[in-house]
Amino acid sequence: MVGRIIAIDGHASTGKSSLAKKLSNEFNCTHINSGSMYRAVTLYMINNNLIKYIKSDTNYLISKLNDVKIEFRKDGGKLKLFLNGENIEKDLNSLVVSNEVSNIAAVPEIRAKLVKLQREIDRSNGIIMDGRDIGSVVFPNADIKLFLTASIEVRAKRRYDELIKKGANVTLNDVIYNIEDRDLKDSNRKTSPLIIDDDAILIDNTNKTISDQVRMIKEIIQSRFYN
Ligand code: C5P
């Protein structure tokens, strides 16, 4: 995988990150969940009482971007996301953050800042990055582009179970609403909307386990990189 780039894009809660994580372990390469970066900016804006400006005074919100430092630090061989020096990964997947993140991700200046960081990450060992615009914008020349989708019922149930396991107080309907809302906003924003690239491999994982998907993608990787 040395120097190779795999882009995994797709709809919300299709298991992109879990899949990317497993593949990166198999191939000993870097995994970046770009959604966590948009979530970190959102968390900052919520915690600092700035999220209320998202529509009323976007320029003010953008002016605060200089105060947001996002970096990945190595911890136990894996990269962990730090926001202004603090490991905040455990706070990123709450529904409070999920309900605002697509509004934050639609702001072009915020996207520009994060895309720059994504392109600067060391790719020498090979990188698997998951998100919404990885194959279309961040790495248009990626070696392999995947686009994941699944039925809304299956996606919502997976995310709901995850949140309940973490002790969150949410209903299945809250989760369905959030996933549909994010897909709609992510697909319809002006800057870097979620699209299925012409050269992306479309995977509907409604009836596929993560092991099925890993097996399938390993075969693609083997045939493209090692034959
Ligand atoms: O991947 P995840 O679902 O955690 O992403 C959260 C949100 O971040 C998405 O719904 C989308 O609004 C935004 N995002 C994005 N571009 C990316 C990754 C995530 O706009 N590359």
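Colleague: How many residues of the shell around the ligand are nonpolar, polar or charged?

Modeller: The shell has seven charged, four polar and four nonpolar residues. Asp, Glu, Lys and Arg count as charged, while Ala, Val, Leu, Ile, Met, Phe, Trp, Tyr, Cys and Pro count as nonpolar, and the others, Gly among them, as polar. This is a predicted model, where local features need pLDDT of at least 70 and side-chain atom pairs pLDDT 80 or more, whereas totals for chains, interfaces and linings use all residues. Numbering starts from 1 along each chain as its sequence is written, and side-chain values use heavy atoms, without hydrogens or water.

Colleague: What makes a residue part of that surrounding group, and which are the closest?

Modeller: A residue is near if one of its heavy atoms lies within 4 Å of the molecule. The ligand has 15 residues around it, and the closest are Arg39, Arg111, Arg182, Asp186 and Arg189.

Colleague: Why is the pair between aspartate 133 and the ligand called a polar contact?

Modeller: A polar contact is a pair of N or O atoms within 3.5 Å (within protein, one must be able to donate a hydrogen and the other to accept it, and residues adjacent in sequence count only if both atoms are side-chain atoms). An N or O atom in the side chain of aspartate 133 is 2.8 Å from a ligand nitrogen, so the pair meets that limit. Of the 450 Å² of accessible area that the ligand has on its own, the protein covers 97% (Shrake-Rupley method, 1.4 Å probe; for residues, only the protein chains shown count as cover).

Colleague: Which helix gives the most to the shell around the ligand?

Modeller: That is H2, with four residues. Helices are DSSP runs (H or I, at least four residues), numbered from the N terminus; strands are E runs of at least two.

Colleague: Why are H8 and H9 called oblique?

Modeller: Their axes (lines fitted to C-alpha atoms over the stretch in contact, with angles from 0 to 180 degrees between N-to-C directions) are 9 Å apart and make an angle of about 120°. Under 35 degrees is roughly parallel, over 145 roughly antiparallel, 65 to 115 roughly perpendicular, and the rest oblique. H8 and H9 are therefore oblique.
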